[in-house]
Amino acid sequence: MSRKLHIVYFSATNTTRQVVQAIAGGIGSYTEHDLTMPPGRSQTLNFGENDLVIFGVPVYAGRVPAFLMDCFANITGRRTPAVFVVVYGNRAYEDALLELKDTFEQKGFIGVAGGAFIGEHSYTDKVATGRPDEADLAMAKRLGADIKALLSAASDMSSLSPLTVHGNAPYKAMVTRPPMKPDTDSNCTDCGLCARSCPTGAIDSHNFRDIDAAKCIKCCCCVKRCPVGAKSLNHRIINAIRQALIDNFSQVRHEPELFLASHK
């Protein structure tokens with residue numbers, strides 16, 4: 001396959017990144033565009049017919065994270081084949097994959113494949129623990145190989161049938177929650193990893209206990225990455241959601257769902 005491969009993703013806790021890299025690994029060498037930190041989200045990306053782009057995002061309450069839409073406005077395609085990937089915490093991905101597909105197909109991309117993968121939930125390591133695991137990543141790599149074979153056999157993009165994925169339109173309503181922020185306990189060693197890793201710059205770069213709740217997107221990057229477990233998200237709403245997830249989904253293993261266009 002002669003197309004230039006790109007991966008474009010937001011991945012606060014590294015699960016989405018692992019999946020899109022595995023898919024790309026089944027295709028060939030690639031260029032990486034990481035949207036996780038603010039400088040990455042400020043870039044303008046334009047792709048053409050000779051590119052192939054894999055887009056990857058986490059699922060937030062069944063939708064594509066709303067804060068990414070401003071960033072997506074700076075990404076355009078010109079009949080560019082694309083793969084759409086969402087990663088969810090073992091509950092449900094609902095309309096997120098369809099929304100991601102619709103968003104970029106309206107911006108000049110042509111969907112050739114999609115996938116909904118599972119990652120350890122950001123609110124608790126008791127749900128989808130350690131995922132994506134080896135089996136998930138092997139499936140992702142096989143999807144990449146299938147995409148490569150599909151495009152190698154296609155005379156041009158018009159020879160493929162439109163991609164269909166699961167989801168409903170209109171999409172489910174966005175969930176809005178009051179501002180909240182992680183707590184920091186006495187275990188904190190002031191290493192600063194949390195501030196350097198925060199996707200929205202919500203954590204003060206000098207006082208790591210000073211967190212702007214209005215900027216916090218509740219991705220739990222700081223919670224997951226803290227080497228001494230000093231940060232935790234303990235708001236009553238999150239605590240209730242966390243317990244419901246553990247009660248209903250900690251013993252359930254959902255498998256990835258894959259979608260591939262076909263030849264007409």
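**Exercise 1. Work out why Cys220 forms no bond with the closest cysteine sulfur.**

Step 1: check the distance. The sulfur of Cys220 lies 6.7 Å from the closest cysteine sulfur, which belongs to Cys219, and that is too far for a bond. A disulfide needs a pair of cysteine sulfur atoms within 2.5 Å.

Step 2: know what you're working with. This is a predicted model, where local features need pLDDT of at least 70 and side-chain atom pairs count only at pLDDT 80 or more, while totals for chains, interfaces and linings use all residues. Residues are numbered from 1 along each chain as its sequence is written, and side-chain values use heavy atoms, leaving out hydrogens and water.

Step 3: count. With that disulfide rule, you get zero disulfides. Take Cys188: it is in no disulfide, and the nearest cysteine sulfur, that of Cys194, is 6.3 Å away.

Step 4: look at the surroundings. Cys220 has 6% relative accessibility, so it counts as buried (buried means under 20% relative accessible area, exposed over 50%, partly exposed in between, with a 1.4 Å probe and protein chains only). Cys188 is buried too, at 15%.

**Exercise 2. Find out how many residues of helix 4 are buried, and what they pack against.**

Step 1: locate helix 4. It covers residues 96-105. Helices (H or I, at least four residues) and strands (E, at least two) are DSSP runs, numbered from the N terminus.

Step 2: count the covered residues. Nine of the 10 are buried, including Leu97, Glu99, Lys101 and Phe104.

Step 3: list the partners. Among them are helix 3 (69-72), strand 6 (80-88) and strand 10 (257-260).

**Exercise 3. Find which residues touch the most other members of the largest nonpolar core.**

Step 1: recall the rule. A nonpolar core is a set of buried Ala, Val, Leu, Ile, Met, Phe, Trp, Tyr and Cys residues joined through side-chain atoms within 4.5 Å.

Step 2: pick them out. Of the 35 residues in this core, Phe55, Phe72, Ile75, Val86 and Leu100 touch the most other members. Helix 4 gives the most to this core, with five residues.

Step 3: zoom in on Phe72. Skip its neighbours within four places in sequence, and Phe72 is in contact (heavy atoms within 4.5 Å) with residues including Leu35, Val57, Leu100 and Phe104.

Step 4: don't stop there. A second, separate core has 26 residues, among them Ile7 and Val83.
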